[in-house]
Amino acid sequence: MAHTDKSVLESYKKEVTRSKLTVIGLLFSTDNLLEFGDKIDLIEAFTELQIRLAHYNYNYGVIMPDIFEPLMKSGSITLNQLYEAVGCIERGKRPMTNSFIAVKQQHSSHLVDNYKAFTNIRSFNLDFTVNSVVCPYDTDAMLVLADSDLKLVSANGSYKDFVIVQYDKCHVKAVGQTQNNMYFTVRKNETLCIFRYSQSSEQIEELNVKVTFTDACTSKNDTLLLLNRLNSTFYETDNKGRVIKTFNTDGLPQNAYCYDNNILCMHVTTVSRILIATNNSLYTFTFSGRLEQLYQGENSNFKQIFEDRRGNVFVADKTRGKERMCLFTPYGYYIGDILPPNADSVMKNLVALSIDRCGNLWIFSSTSSKT
């Protein structure tokens, strides 16, 4: 493109130079005529000047050539050319942990100073028992599961019935929410099943899951992650229940298979890491089944895992007399303990924890519900 435009401009330059010489000759003749000629000479030379000017306009008028701005056309650079220009992208040696830790940010973070960040906004009592939090709803409201009913609890303490998810009088447990659906598990004939509530169609339907699993959580792109503890196998399924990926791990301890001694909690973080809590340990797996990180807290009793919109992961520790809330990165690295002031009694009776879309922490206890 540069060579083509340069050739055009060189040709234009020559034409302009030739035209310039012609104009100089005309100006010189006219000046001599005006300075040294008389009226008769002007009248006689007028016709000749007119012809020469007309001849110049016709033969030497130079038009500026079109030079176009270069534009990038899609598909004009191949992938191999891109590799040669900037290199190939590979995994780094260490995870980008610090990029997701809000506590390491400036003082605008609500996790920098507990005493400044955690203040009791409101406390209220509900006339029903909250079993678990399904998901944040709207801006400052929570969708909770009470027995087999979904209820929408607002930050002002009011609530309203959302939908009944009773399924053959089975015990319902919340799994999580994706973009369009809410998922739950029920146990039928000693077999764990999954069904969902579609927010668009407002219908409840059971998923035809062909694999046996013991634990479930939601993942990205409206998919589910299932775990069979007996054979240490993960299954990633689509929103129809069809298995799209299977991988195994040997990182889970043997006692994780005992349901009576371990209440397992599983969560997929924003950076596609699988966090699994088994009593005093927090395991971090990749989506290939590789154990990436292990945190062990002596005499801990981990029960719940949830994550805010900034990538902070909270794990509730229900150790009797030492109740606490631990803060982790989405890669499973322990940061510290986050415990709101005067919340010891609430943590002792903790039922569920979550953070709404305004960044407020909600604590549901068996005696009261607070935020």
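I looked up strand β7 (residues 181-188; strands are DSSP E runs of at least two residues, numbered from the N terminus) and found six of its eight residues buried, so β7 is largely enclosed by the rest of the structure. Buried means under 20% relative accessible area, exposed over 50%, and partly exposed in between (1.4 Å probe, protein chains only).

I noted that this is a predicted model, in which local features need pLDDT of at least 70, side-chain atom pairs count only at pLDDT 80 or more, and totals for chains, interfaces and linings use all residues. Residues are numbered from 1 along each chain as its sequence is written, and side-chain values use heavy atoms, with hydrogens and water left out.

I then examined the partners of β7. Strands are taken to pair if DSSP finds at least two bridges between them. Strand β6 (residues 172-177) runs antiparallel to β7 and is joined to it by five bridges; A174 stands opposite F184. A hairpin of three residues connects β6 to β7.

On strand β8 (residues 191-198), I recorded eight bridges to β7, again in the antiparallel sense, with N181 partnered by S198. Two residues lie between β7 and β8 in their hairpin, and N189 in that turn has a positive phi of about 55°.

I followed A174 to S132, which lies in strand β2 (residues 132-137). Beyond its neighbours within four places in sequence, S132 is in contact (heavy atoms within 4.5 Å) with V144, L145, A174 and A352. S132 and F364 are 232 residues apart in sequence, yet their C-alpha atoms are 8.5 Å apart in space.

Note on methods: Helices (H or I, at least four residues) and strands (E, at least two) are DSSP runs, numbered from the N terminus.
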